[in-house]
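Visitor: I would like a close look at a single part of this structure, and then at how that part fits into the rest. Please take it step by step.

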Amino acid sequence: VMLSGQLRRPTHQGQDLVLDFQATGAGAYRATATPNALGQWDLRLSARDGNAADYRWEKRLWLK
């Protein structure tokens, strides 16, 4: 499985963060990010397996 993702700032341009996922075993993955501001962020994830199946997911987050 190939995972990619971003933390995007919908209210400010130029603050998006690319997420670098690492496999941690048993189908689990982890990415670490250090946003430069609190407030509203959008988490966007995309997964692709070897059979060309795509999965995309987006969630709005509030960092406090």
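Leaving aside its neighbours within four places in sequence, which residues is Gln-15 in contact with?

Guide: The model is a predicted one. Once neighbours within four places in sequence are set aside, Gln-15 is in contact with Leu-7, Arg-9, Asn-36, Ala-37 and Trp-41. Gln-15 itself sits in the loop that links β1 (2–8) to β2 (17–19). With one of its contacts, Arg-9, there is a polar contact between side chains, at 2.9 Å.

Two other contacts of Gln-15, Leu-7 and Trp-41, lead into the interior. Both belong to the largest nonpolar core, a set of five residues completed by Leu-19, Phe-21 and Leu-43. Leu-7 has a list of contacts of its own, again without neighbours up to four places away: Gln-15, Asp-16, Leu-17, Leu-19, Ala-33, Pro-35, Trp-41, Asp-42, Leu-43 and Leu-61. Among these, Leu-19, Trp-41 and Leu-43 are also core members.

Leu-7 also has a place in the strand pairing, where its bridge partner in β5 is Leu-43. Elsewhere along the pairing, Leu-3 faces Ala-47 of β5. In total, β1 and β5 (residues 39–48) are joined by seven bridges and run antiparallel. Strand β5 is mostly covered, with seven of its 10 residues buried.

β5 also pairs with β6, in the antiparallel sense and over 10 bridges. One pair in this register is Arg-44 opposite Glu-58 of β6. The two strands make a hairpin with five residues between them, and in the turn Ala-52 has a positive phi of about 65°.

These pairings are part of an open, antiparallel sheet of four strands, ordered β2-β1-β5-β6. Its edges are β2 and β6 (54–63), each of which pairs on one side only. On average, neighbouring strands in the sheet are turned by 20° against each other, direction ignored. The loop that holds Gln-15 therefore lies between two strands of this sheet, β1 and β2, given that strands are numbered from the N terminus.

For a contrast with the core, take Arg-56, which lies in strand β6. Arg-56 has a relative accessible area of 61%, and because exposed means over 50%, this residue counts as exposed. Residues up to four places away in sequence not counted, Arg-56 touches Leu-45 and Ser-46. Asn-36, one of the contacts of Gln-15, is 20 residues from Arg-56 along the chain, and their C-alpha atoms are separated by 25 Å.

As for the chain as a whole, it has six strands and zero helices, and the pattern along the sequence reads β-β-β-β-β-β. The C-alpha trace spans about 35 × 20 × 15 Å along its principal axes. Of the 64 residues, 20% count as buried. Among contacts with a separation of 6 or more, 42% are between residues 24 or more positions apart.

On confidence, the mean pLDDT of the chain is 91, and 100% of the residues reach 70 or more. Confidence is highest in β2, at 95, and lowest in strand β3 (residues 22–25), at a mean of 92.

Terms used: Residues are numbered from 1 along each chain as its sequence is written. This is a predicted model: local features need pLDDT of at least 70, side-chain atom pairs count only at pLDDT 80 or more; totals for chains, interfaces and linings use all residues. Side-chain values use heavy atoms; hydrogens and water are left out. A nonpolar core is a set of buried Ala, Val, Leu, Ile, Met, Phe, Trp, Tyr and Cys residues joined through side-chain atoms within 4.5 Å. Buried means under 20% relative accessible area, exposed over 50%, partly exposed in between (1.4 Å probe, protein chains only). Contact means heavy atoms within 4.5 Å. A polar contact is a pair of N or O atoms within 3.5 Å; within protein, one must be able to donate a hydrogen and the other to accept it, and residues adjacent in sequence count only if both atoms are side-chain atoms. pLDDT is the predictor's confidence in each residue, from 0 to 100. Two strands pair if DSSP finds at least two bridges between them. Axes are lines fitted to C-alpha atoms, for helices over the stretch in contact, and angles run from 0 to 180 degrees between N-to-C directions.
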